[in-house]
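Subject: Structure handover and notes

Hello,

Please find the structure below, handed over for your own work. My notes on what was found follow it.

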Amino acid sequence: MILSLFSRKAKANEAITIALYDAIVAAARQPYFYSDLDVPDSPLGRYEMLSLHVYLFVRRIKGRSPALKAIGQEVTDEFFRDVDHSLRELGIGDSGVPKRMKKLARMFYGRIESYDKALESNDHPALIAALARNIRPDSDSWSGATRLADYVEQVVRLLENQPDDVLAGGKVIFPDASALETSRH
């Protein structure tokens, strides 16, 4: 009987994690990023957009309740499981996956640091530079970086207005990137 209680709770937690992660993936896959902002529509470009959206969600719940902290860890774990699965689908063998996962994890946490620093200091040019450096390192002047930075700042504000209990229940709303006003106010 006790085990069935734990099993139900684990399934509920898994459902919450999957619902949140699915919403994050849907936000990261918006065609606008790839068509209008010229984010590379490649495995690495999709990784960058997904890691950006995971970061935005985790940033929102950071320092909140223990339940949200646990959810943030579960969403991050799901992200890395998804990346692992994607690497294997790309044909990377079992021996190469751990090495690439370590590199992608370092990339993810490095991005968190640079995005956090820019957002915490309200440094729009630093955010633009970090996004450009990470998403389009092949381009000296990526025109989409400014619009993506505007989007990121708007998402931060939008996520902040979503109640903790709604997020803890498995619902997060990201905006339609193509419909957002991208001019700075």
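Two residues are in contact when they have heavy atoms within 4.5 Å of each other. That is the sense of "meet" and "touch" in the helix pairs and residue contacts below. Note also that this is a predicted model.

Overall make-up

The protein chain has eight helices and zero strands, and along the sequence the pattern reads α-α-α-α-α-α-α-α. Of its 185 residues, 44% are buried. The accessible surface is about 10,400 Å², and carbon and sulfur atoms account for 55% of that. Taking contacts between residues at least 6 apart in sequence, 65% of them join residues at least 24 apart.

The nonpolar core

In soluble globular proteins, nonpolar side chains tend to be buried together. Here the largest nonpolar core has 53 residues, and the members that touch the most others are Phe33, Phe57 and Leu148. Two or more residues come from each of α1, α2 (31-35), α3 (43-61), α4 (66-89), α5 (97-120), α6 (124-135) and α7. The greatest contribution is from α3, which gives nine residues.

Phe33 has contacts with Ala27, Ala28, Asp38, Val39, Met49, His53, Leu148, Tyr151 and Ala177, leaving aside neighbours within four places in sequence.

Helices α3 and α7

Helix α3 has 19 residues, which at 1.5 Å a residue should span 27 Å; the end C-alpha atoms are 27 Å apart, so the two values agree. Because 14 of those 19 residues are buried, α3 is largely enclosed by the rest of the structure. After α3 comes Gly63, with a positive phi near 75°.

Helix α7 covers residues 144-160, 17 in number, and reaches 24 Å from first C-alpha to last, close to the 24 Å expected. This helix is mostly covered, with twelve of the 17 residues buried. The buried set is not limited to nonpolar side chains on the list: Asp150, Glu153 and Gln154 are among its members, along with Leu148, Tyr151 and Val152.

How α7 packs

Two packed helices are described by the angle between their axes and the distance between the axes. For α3 and α7 the angle is about 35° and the axes are 9 Å apart; the crossing is right-handed. On the α3 side the residues involved are Met49, Leu52, His53, Leu56, Phe57, Arg59 and Arg60, and they meet Leu148, Tyr151, Val152, Val155, Val156, Leu159 and Glu160 of α7.

For α6 and α7 the axes come within 9 Å and cross at roughly 115°, and this crossing is also right-handed. From α6, His124, Leu127, Ile128, Leu131, Ala132 and Ile135 meet Ala145, Thr146, Leu148, Ala149, Asp150, Val152 and Glu153 in α7. Leu148 and Val152 therefore appear in the α7 lists for both pairs, facing α3 residues as well as α6 residues under the 4.5 Å contact cut-off.

Single residues to look at

Thr17 is in helix α1 (residues 2-28). Is Thr17 buried or exposed? Its relative accessible area is 5%, so with the cut-off for buried at under 20%, Thr17 is buried. Beyond neighbours within four places in sequence, Thr17 has contacts with Glu74, Val75 and Glu78.

Two residues other than glycine have positive phi values. Asp38, in the loop between α2 and α3, has phi near 65°. Asp38 counts as partly exposed because its relative accessibility is 43%. Asn122, in the loop between α5 and α6, has phi near 55°. Asn122 counts as exposed because its relative accessibility is 64%.

Asp164 belongs to helix α8 (residues 164-168) and, at 28% relative accessibility, counts as partly exposed. Which residues does Asp164 touch, not counting those up to four places away in sequence? They are Arg60, Arg64 and Leu68. Asp164 and Arg64 are 100 residues apart in sequence, yet their C-alpha atoms are 8.0 Å apart in space.

Regards

Methods
Residues numbered from 1 in each chain as written. Predicted model: local features only at pLDDT ≥ 70, side-chain atom pairs only at ≥ 80, totals over all residues. Heavy atoms only, no water. Helix = DSSP H or I, 4+ residues; strand = E, 2+ residues; numbered from the N terminus. Buried < 20%, exposed > 50% of the residue type's maximum accessible area, 1.4 Å probe, protein only. Expected span 1.5 Å × (residues − 1). Core = buried A, V, L, I, M, F, W, Y, C linked by side-chain atoms within 4.5 Å. Areas by Shrake-Rupley, 256 points an atom, 1.4 Å probe, with all protein chains shown as cover. Axes fitted to C-alpha atoms, helices over the stretch in contact; angles between N-to-C directions. Left-handed = near helix turned anticlockwise from the far one by under 90°.
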